[in-house]
Amino acid sequence: MTEPSLDIIAIGNAIVDVLASADEAFLTEHGMTKGAMRLLDADEAETLYAAMGAGREISGGSAANTLAGAAALGATCAFIGQVATDQLGEVFTHDIRAQGVAFETKARDLPEPTARCLILVDEGDGQRTMNTYLGAAQYLEPDAIDAARIAGASILLLEGYLWDPAEPREAMRRAIRMAHDAGRKVALGVSAVFCILNHRADFLEMLDRRDIDILFANEEEVLALAGVEDFEEAVAFVAARVPLLVTTRGADGAIAIAGGERASVPAEPIDRIVDTTGAGDLFSAGFLVGHVRGRSLEDCLTMGAIAAAEVISHWGARPEAKLDALVAARLG
């Protein structure tokens, strides 16, 4: 087996986030559940955007955020995702490349524009409520997946949000085969409870086939995947089906289980939560970089917790501080 040229390659939604403050009355008025994520069509996205207060545009997308964090920790990364030939497509392309992540997927002239996520942030607790218009992201073609590129990365990361549209789903299935044929690992972030409700049978089938080597799921997601209400029962159910399970629990920290070994860490202390957007994505970044470098489960969890704490201390889902310096200060 040849040595990998990349640490992580990811397939996910190429999205530009539009963030604005909102109170619970605004969420209720527009039919939102605080802290949840929902998909919008083009008309709904336009209506909500017009109703939002002054906002800011910051490139996002779950897997892309993870790669931005991983690159900030010194990992070599590449992203595969579809943008349109429009202004937001140019913004996304510039931003991800500026953060040191290779991005070679060609923009396409499509009937829908580049994806955007309209995020309402509660100024009190930083909780984010997401409204996503997938646009061009759902047109990622299977032919956009290059076998040599996939085989050149130690880990292939898949974004659960992108499992809905048929073309990207087939692209990810193809990438899984390519990665395993090359002896590489495949990680999946299930992304949200609604993704599990829509695709639980698919996800469980992939776990039982051992298509997935590393699974990222928060507490609510692992409960939904297992179909039970008890956390420990859910963890046991899922951990039996995947070589490495990583579960985040918000303020209660995170756990990882691999080969009978279990590790846990508390959440990192933080003065004030500003915006929880990207917390799980950055946790995955820290964990994966630690994993690629052969660190212990506990160290990997700690790296994830450090990255997550940094991103929730400011607006947006991309790191602003030097994550590698923060990790070095804690773990050496």
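At 0% relative accessibility, Phe92 counts as buried, and that makes it a handy way into this predicted model. Phe92 belongs to a small group of rings, since Phe79, Phe92 and Phe103 form one aromatic cluster. The other two members are tucked away as well: Phe79 is buried, with a relative accessible area of 2%, and Phe103 is buried too, at 3% relative accessibility. How are the rings of Phe92 and Phe103 set against each other? Their centres are 5.6 Å apart and their planes stand at 80 degrees, which is over the 60 degrees needed, so this pair is edge-to-face. The pair ties together distant parts of the chain, with Phe92 in helix 4 (residues 87-98) and Phe103 in strand 6, 11 residues apart.

The structure holds six aromatic pairs in total. In another of them, the rings of Phe79 and Phe103 have centres 5.8 Å apart and planes at 40 degrees, so that pair is tilted. This pair, too, links distant parts of the chain: Phe79 sits in strand 5 (residues 77-80) and Phe103 in strand 6 (residues 101-103), with their positions 24 residues apart in the numbering. Phe103 thus turns up in both pairs, edge-to-face with Phe92 and tilted with Phe79.

Two of these rings come back in the next feature. The second largest pocket has a volume of about 170 Å³, and its lining includes Phe79 and Phe103. Also on the list are Ala78, Ile80, Ala102, Glu104, Thr105, Lys106, Ala144, Asp146 and Arg149. Which elements give two or more residues to this lining? They are strand 5 and strand 6, and strand 5 supplies the largest share, three residues. By class, the lining is a mix of six nonpolar, one polar and four charged residues.

Then there is the enclosed space. Rolling a probe the size of a water molecule over the atoms shows where empty space is left. Here the count comes to one cavity of 30 Å³ or more, with a volume of about 30 Å³. Its lining is made up of Ala22, Leu27, Lys34, Leu120, Val121, Asp122, Gln127 and Thr129. Sorted by class, those residues come out as four nonpolar, two polar and two charged.

Rings also meet charges in this model. Arg241 lies over the face of Phe237, at 3.9 Å from the ring centre. A similar arrangement involves Arg249, whose charged end sits over the ring of Phe231, 3.7 Å from its centre.

Helix 3 (residues 62-72) is a good place to look at burial along one element. It is mostly covered, with 10 of its 11 residues buried. Among the buried ones are Ser62, Asn65, Thr66 and Leu67, along with alanines such as Ala63, Ala64 and Ala68. Gly69 is on the buried list as well. Just after helix 3 comes another glycine, Gly74, which takes a positive phi of about 95 degrees.

What about residues other than glycine? Most of them have a negative phi. Ser191 goes the other way, with a positive phi of about 80 degrees although it is not a glycine. Ser191 is found in the loop between strand 10 (185-189) and helix 7. Is Ser191 buried or exposed? Its relative accessible area is 19%, under the 20% cut-off, so it counts as buried.

Arg210 is also a positive-phi residue that is not a glycine, at about 65 degrees. Its place is in the loop between helix 7 and strand 11. With a relative accessible area of 41%, Arg210 is partly exposed, because that value falls between the 20% and 50% cut-offs.

Asp211 lies in the loop between helix 7 (193-208) and strand 11 (214-218). Asp211 is buried, with a relative accessible area of 13%, whereas Arg210 is partly exposed. Which residues is Asp211 in contact with, leaving aside its neighbours within four places in sequence? They are Ile176, His180, Val186 and Met206.

Technical notes:
Residues are numbered from 1 along each chain as its sequence is written. This is a predicted model: local features need pLDDT of at least 70, side-chain atom pairs count only at pLDDT 80 or more; totals for chains, interfaces and linings use all residues. Side-chain values use heavy atoms; hydrogens and water are left out. On a 1 Å grid over the protein atoms alone, a cavity is a set of points where a 1.4 Å probe fits but cannot get out, and a pocket is an open set with protein on both sides within 12 Å along at least five of seven lines; lining residues have an atom within 4 Å of a point. Grid points are joined across faces, edges and corners, and a volume is the space filled by probe spheres set on the points. Ala, Val, Leu, Ile, Met, Phe, Trp, Tyr, Cys and Pro count as nonpolar, Asp, Glu, Lys and Arg as charged, and the others, Gly among them, as polar. Rings of Phe, Tyr and Trp (its six-membered ring) pair if their centres lie within 6.5 Å; planes under 30 degrees apart count as stacked, over 60 as edge-to-face and the rest as tilted. Helices (H or I, at least four residues) and strands (E, at least two) are DSSP runs, numbered from the N terminus. Buried means under 20% relative accessible area, exposed over 50%, partly exposed in between (1.4 Å probe, protein chains only). A charge sits over a ring if NZ of Lys or CZ of Arg is within 6 Å of the ring centre and within 35 degrees of the ring normal. Contact means heavy atoms within 4.5 Å.
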